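Thanks for coming. Please have a look at the model on the screen, and I will go through it part by part.

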Amino acid sequence: MPSLIRKNLTITIDGNKATLDEPLYIYQGDRNIDVYFAIVDSKFKFSENRGNILVDSTAKYSTIKIMKPNGVKLLTERQEITEDNQIIFTINSEFADEATEIGTYKLQIQLWSSEDTNQGRVTIPHVEFEVLEAIFEDGLEEGIVTLSCKRDGE
């Protein structure tokens, strides 16, 4: 089931560098966010298409490698590329829930031609994104007042 929050991003590859079409920022404790990546202008010849390289490529699966600012390494399970040729990265409640996880993350995508690990694989250059610190932690603590917001007429 998809998350309730969706963010669409494009990764553009130029040689050994990759960039996002806009910065990605999340805050510590953010969760249930699906980030959809399209990949364009790869120099790998999946096809003659210079648009989204996944459209006509033989890549059918992806994995995502994450390097957290605290040195923790994550590798997602292999997942199918979507019907509209995008790669989904889901940010869950455990992804950035500790103070040591605030900072710059590196994200690198691997494209696979099949579910078989012995088949073709290509790795694209990494991109970076930020996990920022919230102004204070959630939860009721001394000095925090919980407000109730009502609309006119309620």
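Which ring does the charged end of Lys 68 sit over? The ring belongs to Phe 95, and the charged end of Lys 68 is 5.1 Å from its centre. Keep Phe 95 in mind; I will come back to that residue.

Before that, some background. This is a predicted model. The mean pLDDT of the protein chain is 83, and 75% of its residues reach 70 or more. Residues 46-51 are a weak spot, with pLDDT below 50. That stretch still has 15 contacts in the model beyond near neighbours in sequence. Where pLDDT is low, the predicted coordinates should not be read in detail. Taking the strands by confidence, β10, residues 121-123, is the lowest at a mean of 86, and β11, residues 127-132, is the highest at 97.

Now the overall layout. The protein chain has 11 strands and 0 helices, so the order of elements from the N terminus is β from start to finish. Of its 154 residues, 33% count as buried. The accessible surface comes to about 10,200 Å², and carbon and sulfur atoms account for 48% of that. What share of the contacts between residues at least 6 apart in sequence joins residues at least 24 apart? The figure is 64%.

Next, the start of the chain. Strand β1, residues 5-14, runs antiparallel to β2, and 4 bridges join the two. One of the residues involved is Thr 12, whose bridge partner in β2 is Thr 19. The two strands form a hairpin with 2 residues between them. Gly 15 is in that turn, and its phi is positive, about 65 degrees. Strand β2 itself, residues 17-20, has two faces. Ala 18 and Leu 20 are on the covered face, while Lys 17 and Thr 19 are on the uncovered one.

Back to Phe 95 and the aromatic rings. The model has 4 aromatic pairs. In one of them, Phe 89 and Phe 95 meet edge-to-face, 5.5 Å centre to centre, with 75 degrees between the planes. Phe 95 also pairs with Tyr 105, and this pair is tilted: 5.3 Å centre to centre and 35 degrees between the planes. Where do these two partners sit in the chain? Phe 95 is in the loop between β8 and β9, and Tyr 105 is in strand β9, 10 residues apart. Ring pairs link Phe 89, Phe 95, Tyr 105 and Phe 129 into a cluster.

Are Phe 89 and Phe 95 buried or exposed? Both are buried. Phe 95 counts as buried because its relative accessible area is 6%, and the cut-off is under 20%. Tyr 105 is buried too, with a relative accessible area of 0%.

Last, one residue in strand β5. Ser 62 lies in that strand, which covers residues 61-67. Its relative accessible area is 1%, so Ser 62 is buried. Which residues does Ser 62 touch, leaving out those up to four places away in sequence? Among them are Glu 77, Arg 78, Ile 87, Leu 111 and Trp 112. Two of those names come up again as a pair: the charged end of Arg 78 sits over the ring of Trp 112, 3.6 Å from its centre.

That is what I have for today.

Definitions and conventions
Residues numbered from 1 in each chain as written. Predicted model: local features only at pLDDT ≥ 70, side-chain atom pairs only at ≥ 80, totals over all residues. Heavy atoms only, no water. Buried < 20%, exposed > 50% of the residue type's maximum accessible area, 1.4 Å probe, protein only. Contact = heavy atoms within 4.5 Å. Pairing = 2+ DSSP bridges. Areas by Shrake-Rupley, 256 points an atom, 1.4 Å probe, with all protein chains shown as cover. pLDDT = per-residue confidence, 0-100. Phe/Tyr/Trp six-rings, centres within 6.5 Å; stacked < 30°, edge-to-face > 60°. Lys NZ or Arg CZ within 6 Å of the ring centre and 35° of its normal.
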